[in-house]
Amino acid sequence: MQVTVSPASIKGTVTANPSKSAMQRAVAAALLAKGKSIIRNPGLSNDCLAALGVAENLGATVKRGEDYFEITGNGMQPSAAEQQPASTINCGESGLGIRMFTPIAALAASAITIDGHGSLATRPMDFFQEVLPQLDVQCTTQGGRLPLKIQGPLHPKDITIDGSLSSQFLTGLLMAYGATAEDVTITVKDLKSKPYIALTLQLMAHFGVKVEQKNFEQFHFGKKQAYKAGEYTVEGDWSGAAFLLVAAAVAGKAEVHHLNTQSAQSDKAILTALEDAGAQMMPGMFTIIIEKGGLQPFEFDATDCPDLFPPLVALAANCKGTTKIKGVSRLAHKESDRGVTLQEEFGKMGIRIDLQEDEMLVHGGTGIKGANVHSHNDHRIAMACAVAALTADGPVVIENAEAINKSYPEFYEHLQQIGGKVSIAQHA
Ligand SMILES: O=C(O)C1=C[C@@H](OP(=O)(O)O)[C@@H](O)[C@H](O)C1
Ligand SMILES: C=C(OP(=O)(O)O)C(=O)O
């Protein structure tokens, strides 16, 4: 799909899409709980749909209602005789999906192949090969990549893991331990993306499982607990909304609803960057009103919120001077090598980006040019280019623009709703 975004002013009101990070975790918790859970305001992005498919394959029943999913879980108890997980599960293109559902699937006493497609096939999975055998799970990969083959059941034990590559492996272990662990501790060295772990713990507590954590280094499970089926409403997504907030900050004014400023989501940190860049903001409890201000370069550490790089680059491209964003090394293993992809695609639009060790320097305010860009099959690159187009000197044509479906299928519609000029051409 090719999408052309033409320069335009932003004005309007929009409701943030549901958070895929929250939705995927809720689906996993509902699978792990015995009984019927209701997930309201569900996400329908590809990553969310993949999570629902995996939950079904692991034995849950999933029914779709008008604005909710009903998930009846089976508890995923190790060796439960009635439990019949499928022999293959497919996590689509979701990094969180595969890293979260693998330890959960390993709770079953059966051989399971875990696969995915697209960019997921190139993302590192060696972690499981190192860690799962310590928990009595046999695990093989194809040279550290997909498909994974596992044979459980997983037995939670005291374990020390490395959290520097991704927090998602820890999320998976925490979720799986929650179903069966008793008096054990996970110790994590050098954890990155910490707020995502806060979100995991918050979600687990919502479904009745409590974990004592110390400094995001030690996670202790006391008495044996069980996930309790219940109701959960998915929060608005700060990661996707960051693009809308930046769109308003560089090209007009918008009101974005359903954003909880008290959320555990790491990407609410976009508010700090917007403020530092000089955007005018009125944050309410669940609505952000934001308007263009005199934009200036800013410094930001995105080590713990790596998904903010693409919207931050679109913001920085409009700020006169050099913006410094720290944490580039976190981007190498996302849907694309995002530091390099941003450099390449924004370069086509006339914005120079330097990558210096762990820092990205964006030389903004030099004028954004209309250009032909490519998403590299990375949803956040497509969205960043669309936002940059708003203040370009001509249309920006985005190839492979359907990449947005991974996290935010409503994105182009939402951009139009607040004044974006978007035209969509399906390739024959
Ligand atoms: O747990 C999650 O929902 C996520 C964690 C982050 O990954 P890392 O922990 O690998 O940084 C983030 O980039 C990803 O989009 C979603
Ligand atoms: C990297 C992302 O997701 P995941 O790792 O879950 O595929 C993302 O949404 O930008």
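What radius of gyration does the chain have, and what would a compact globule of 428 residues have?

## Overall dimensions

The structure discussed here is a predicted model. The radius of gyration of the chain is 21 Å, which agrees with the value near 22 Å for a compact globule with 428 residues. Along the principal axes, the C-alpha atoms fill a box of roughly 65 × 45 × 45 Å.

The secondary structure comprises 12 helices and 24 strands. Of the 428 residues, 53% count as buried. Among contacts between residues at least 6 apart in sequence, 74% join residues at least 24 apart.

## Domain arrangement

Two domains divide the chain: domain 1 (2-17 + 235-425) and domain 2 (20-222). Their centres, taken over C-alpha atoms, are separated by 30 Å. The contact between the domains draws 20 residues from domain 1 and 21 residues from domain 2. On the side of domain 1 that touches domain 2, five residues are nonpolar, nine are polar and six are charged.

## Nonpolar cores

The largest nonpolar core contains 76 residues, and the members with the most contacts inside it are Leu245, Ala247, Val313, Ala388 and Val396. Helix α7 (residues 238-251) supplies the largest share of this core, namely 12 residues. A second, separate core has 71 residues, among them Ala33, Ala50, Leu107 and Phe221.

Val396 illustrates the contacts made by one of these residues. Not counting residues up to four places away in sequence, Val396 touches Val5, Met349, Gly370, Ala371, Val373, Cys385, Ala388 and Ala389. Three of these partners, Cys385, Ala388 and Ala389, also appear among the buried residues of helix α11. Helix α11 (residues 379-389) is mostly covered, with 11 of its 11 residues buried. The buried residues of α11 include His379 and Arg380 as well as Ile381, Ala382 and Met383.

## Ligand surroundings

Ligand 1 is surrounded by Ser21, Leu96, Ser166, Ser167, Gln168, Thr171, Lys192, Ser193, Tyr196, Pro306, Asp307 and Arg330. By class, this shell has three nonpolar, six polar and three charged residues. Ligand 1 lies between domain 1 and domain 2, because both give residues to its shell.

The shell around ligand 2 consists of Ser94, Gly95, Leu96, Asp307, Lys334, Glu335, Arg380 and Ser407. These residues divide into one nonpolar, three polar and four charged. Ligand 2 also lies between the two domains, since domain 1 and domain 2 both contribute to the shell around it. Leu96 and Asp307 are found in the shells of both ligands. Arg380, in the shell around ligand 2, is one of the buried residues of α11.

## The environment of Gly116

Gly116 is placed in the loop between β7 (111-115) and α4 (126-131). Is this residue buried or exposed? Gly116 counts as buried because it has 23 C-beta neighbours inside 10 Å, where the cut-off for a buried residue is 20 or more.

Leaving aside neighbours within four places in sequence, the contacts of Gly116 are Asn90, Cys91, Gly92, Glu93, Ile98, Ala121 and Leu146. His257 is 141 residues from Gly116 along the chain, and 33 Å separate the C-alpha atoms of the two residues.

Definitions and conventions: Residues numbered from 1 in each chain as written. Chains lettered and ligands numbered in written order. Predicted model: local features only at pLDDT ≥ 70, side-chain atom pairs only at ≥ 80, totals over all residues. Domains from an automatic or database assignment. Contact = placed C-beta atoms within 7 Å. Nonpolar A, V, L, I, M, F, W, Y, C, P; charged D, E, K, R; others polar. Helix = DSSP H or I, 4+ residues; strand = E, 2+ residues; numbered from the N terminus. Rg over C-alpha atoms; globule rule 2.2 N^0.38 Å. Buried ≥ 20, exposed ≤ 12 C-beta atoms within 10 Å, placed from the backbone. Core = buried A, V, L, I, M, F, W, Y, C linked by C-beta atoms within 7 Å. Near = placed C-beta within 6 Å.
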